[in-house]
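Me: Could you take a close look at one strand in this protein for me, and show me how it sits in the rest of the chain? Keep it relaxed, please.

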Amino acid sequence: MRIVVSEFISIDGVVQAPGGPQEDTDGGFAHGGWTHPYFDPEVVGGAFADGLGRAEALLFGRRTWQTMAAAWPERAGDPFADLMNSLPKYVVSTTLGEGDVTSWSNTTLIPGDEAVARVRELRAADGGDLAMMGSPTLVRTLLREGLVDELQLIRMPVILGGGKTIFPEDGVKRPLERVSTVAGKTGVEVCVYRPADEA
């Protein structure tokens, strides 16, 4: 399976709390919901619909999974929600137990200390895409381990001045190839990258 990461991201690389004010206030982050003014339904919605259409499973960190699990099951009847709810889901966590992941159907818990090994196994399996959204801590780990096959950055024209990022800060250069860029009317750009060989 290919591991495909989709992230709302600011010009300065922040991915924290794109959806709402109380989504993630760690570190005193006060800009929750910062993506709303720039959301272009045709470009951004289309990118997510296309990505989900290729997904055979979803992978999340704990906080993102909990946010999604609280929202999507009650939206049954919407085609996008029905697909989200029906796909197999994996959540990486050091704090959740098996009994905590029953609120969203088809969820499998991956203990945090087994995350890299288990994700390697999933990636080595046959099938379509293993799609990721949000989950900055997990995405940062997978980027560091060279386990991300495609990175879709939904770049919003705003500088947030600090917050969580997906990028490792280990001094390692990781070349990427830009596959495509689509611009929306709001200034948003959907940019798709894949790992590239060193020139």
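Reply: Here is a walk around strand β2, with the whole chain as the backdrop. A quick note on the ground rules: this is a predicted model, where local features need pLDDT of at least 70 and side-chain atom pairs count only at pLDDT 80 or more, while totals for chains, interfaces and linings use all residues. Residues are numbered from 1 along each chain as its sequence is written, and side-chain values use heavy atoms, with hydrogens and water left out.

Let's start with β2 itself, which covers residues 55–61. Six of its seven residues are buried, so the strand is mostly covered (buried means under 20% relative accessible area, exposed over 50% and partly exposed in between, with a 1.4 Å probe and protein chains only). Strands here are DSSP runs of E with at least two residues, helices are runs of H or I with at least four, and both are numbered from the N terminus.

Now for the neighbours of β2. Strand β5 (residues 129–133) runs parallel to β2, and four bridges join them; two strands pair if DSSP finds at least two bridges between them. Within that pairing, Ala-57 has Leu-130 of β5 as its bridge partner. β2 also pairs with strand β3 (residues 89–93), again in the parallel sense and over four bridges. There, Leu-59 stands opposite Tyr-90 of β3.

Elsewhere in the chain, Thr-35 sits in the loop between β1 (2–10) and α1 (41–54). Thr-35 counts as buried because its relative accessibility is 4%. Leaving aside residues up to four places away in sequence, Thr-35 touches Phe-8, Pro-18 and Met-156 (a contact means heavy atoms within 4.5 Å).

Stepping back, the protein chain has five helices and eight strands, and along the sequence they follow the pattern β-α-β-α-α-β-β-α-β-α-β-β-β. Of the 199 residues, 46% count as buried. If you take contacts between residues at least 6 apart in sequence, 68% of them join residues at least 24 apart. As for overall dimensions, the C-alpha trace spans about 40 × 40 × 35 Å along its principal axes. The radius of gyration is 16 Å, which agrees with the value near 16 Å for a compact globule with 199 residues; that radius is taken over C-alpha atoms, and the globule rule is 2.2 Å times the number of residues to the power 0.38.
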